[in-house]
Amino acid sequence: MILLTAESENAIPVGFTADGLPLLVNRDSPLPDDYQPQQLVNMRDYCDSSIVSIKGSEIEGEQIAVDALLAMLMQAQSEGLTSWQISAGYRSVAYQQKLFDDKVYSYRQQGMTGAQARSAARKLVADPGCSEHHTGLAVDFALFYDDTGLSGSFEGSEESRW
């Protein structure tokens, strides 16, 4: 499935470069400065809450990715895996900068130098402009809730193994 913008005949499919290559976003391959998601949707409004819980009211995702996510989670649900929660989706570069700066500040408060804090932060938080979340194509799964209402860690859960 490919979503094309209606703005031009030479529209680029979501998640691809102008050269037709899959979009790679990381520290060694930052997102182009002019990149803009094409069709963000508010996941809490868009997603069926019987399939997935959306942790925040402002979490967005690229519609084509959210549709694929919902199809995947419906398959999981048919296999008895029903405890899905999304904690993050699209992030602007400015918001990623805030997350990075907050992590650096936290490490500075623990006594690290500026260089040490930035190095430590880079192990947990992507550099601004270098996060796959800027594309709107990535989501983070979070704590899940089982039938009793208890929460647990996604890591090590049946859902994470699936």
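In what order do the 3 strands of the open sheet lie? I looked this up first in the model, which is predicted. I read the order as β2-β4-β5, with mixed pairing.

**Sheet.** I then noted the edges: β2 (53–54) and β5 (140–141) each pair on one side only. I followed β4, residues 85–88, to its partner β5 and found the antiparallel sense, over 2 bridges. For Ala 88, I recorded Asp 140 in β5 as the bridge partner.

**Aromatic pairs.** I searched the whole structure and obtained 2 aromatic pairs. In one of them, the ring centres of Trp 84 and Trp 162 are 6.1 Å apart; the planes stand at 70°, so I entered the pair as edge-to-face. I placed Trp 84 in the loop between α2 (63–78) and β4, and Trp 162 in the segment after α5 (158–161). The two residues are 78 residues apart, and their pair thus links distant parts of the chain.

**Second largest pocket.** I noted a volume of about 150 Å³ for this pocket. Of its 13 lining residues, I listed Leu 31, Asp 33, Tyr 35, Val 93 and His 134 as the closest to the centre. By class, I entered the lining as 7 nonpolar, 4 polar and 2 charged residues.

**Confidence.** I checked the pLDDT of the protein chain: the mean is 87, and 87% of the residues reach 70 or more. Over residues 1–8, I found the pLDDT below 50. For this stretch I also recorded 16 contacts in the model beyond near neighbours in sequence.

Note on methods: Residues numbered from 1 in each chain as written. Predicted model: local features only at pLDDT ≥ 70, side-chain atom pairs only at ≥ 80, totals over all residues. Heavy atoms only, no water. Pairing = 2+ DSSP bridges. Helix = DSSP H or I, 4+ residues; strand = E, 2+ residues; numbered from the N terminus. 1 Å grid on protein atoms, 1.4 Å probe; cavity = no way out; pocket = protein on both sides within 12 Å on 5 of 7 lines; lining within 4 Å. Points joined across faces, edges and corners; volume = space filled by probe spheres on them. Nonpolar A, V, L, I, M, F, W, Y, C, P; charged D, E, K, R; others polar. pLDDT = per-residue confidence, 0-100. Contact = heavy atoms within 4.5 Å. Phe/Tyr/Trp six-rings, centres within 6.5 Å; stacked < 30°, edge-to-face > 60°.
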